[in-house]
Amino acid sequence: MKLLLRTPSLVHAAHCENVLRAAGIQAEVRNTWLAGAAGDIPLQESAPQVWILDDATEADAWAVLNAAANPRPGPHWQCRHCGEWHEAQFAACWRCGQPQEQAAG
Ligand SMILES: [Zn+2]
């Protein structure tokens, strides 16, 4: 388990979790129960947290989140190998690893 990021927005935390899971990275949101009940707990400690279950996926997790935060314009594309659909910012199929260039068309 590794803490990936904190965010004051539970919606953002849930979005990150969804993006990571869609990319095949196991993630979960913690601290959701403290939202709105911070009290005297420092905000930094009470903010929702996004954790990754496997520390080794941290680099991939950030790549996925950065790609999601800066989506490339373009249509969704379908993997030629396995048929999975992806948003334009993903350069390769998250399911089978097929690069987008070879999948396009
Ligand atoms: Zn594929």
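The protein contains 4 helices and 5 strands, in a model that is predicted. Begin with the whole chain, coloured from the N terminus onward: the elements follow one another as β-α-β-α-β-α-β-β-α. Of the 105 residues in the protein, 18% are buried. Among contacts between residues at least 6 apart in sequence, 41% join residues at least 24 apart.

**The sheet**

Select residues 2–6, 27–30 and 49–52, which are β1, β2 and β3. Together these strands form an open sheet of 3 strands, ordered β1-β3-β2 and paired in the antiparallel sense. β1 and β2 are the edge strands, each pairing on one side only. From one strand to the next the twist averages 30°.

Now examine the two pairings in turn. β1 and β3 run antiparallel and are joined by 4 bridges; within this pairing, display L5, whose bridge partner in β3 is V50. β2 and β3 are likewise antiparallel, again over 4 bridges. Here V29 stands opposite V50, and E28 stands opposite W51. V50 is therefore a useful residue to keep labelled, since it is a partner of L5 and also of V29. 

**The two faces of β3**

Show the side chains of residues 49–52. In a regular strand, side chains alternate between the two faces of the sheet. In β3, V50 and I52 belong to the covered face, while Q49 and W51 belong to the uncovered one.

**Helix α1 over the sheet**

Next, select residues 10–22. This is helix α1, which lies across β1, β2 and β3 and runs at about 170° to β2.

**The nonpolar core**

Which residues make up the largest nonpolar core? Select L4, A13, C16, L20, A23, I25, A27, V50, I52, A61, V64 and L65, 12 residues in all. α1, β3 and α3 each supply at least two residues of this core.

Centre the view on A27, a member of that core. Leaving aside neighbours within four places in sequence, A27 is in contact with E17, L20, R21, V50, W51, I52 and L53.

**Helix α3**

Move to residues 58–69, helix α3. At 1.5 Å a residue, the 12 residues of α3 should span 16 Å, and the end C-alpha atoms are indeed 16 Å apart, in agreement with that expectation. Highlight A61, V64 and L65, the buried residues of α3. Seen down the helix axis, the buried residues of α3 fall within an arc of 95°, so they line one face of the helix. An α-helix has 3.6 residues a turn, so residues three or four places apart point the same way.

What covers these buried residues? The cover includes β1, α1 and β3. Rotate the view to the face of α3 turned away from its buried side, where the exposed residues A59 and N66 are found.

**The loop before α4**

Finish with A88, located in the loop between β5 (85–86) and α4 (100–103). Is A88 buried, partly exposed or exposed? It has 14 C-beta neighbours inside 10 Å, and so counts as partly exposed. To end the tour, draw a distance from A88 to Q78: the two are 10 residues apart in sequence, and their C-alpha atoms lie 9.8 Å apart in space.

Note on methods
Residues numbered from 1 in each chain as written. Predicted model: local features only at pLDDT ≥ 70, side-chain atom pairs only at ≥ 80, totals over all residues. Pairing = 2+ DSSP bridges. Axes fitted to C-alpha atoms, helices over the stretch in contact; angles between N-to-C directions. Contact = placed C-beta atoms within 7 Å. Buried ≥ 20, exposed ≤ 12 C-beta atoms within 10 Å, placed from the backbone. Core = buried A, V, L, I, M, F, W, Y, C linked by C-beta atoms within 7 Å. Expected span 1.5 Å × (residues − 1). Arc of directions from axis to C-beta.
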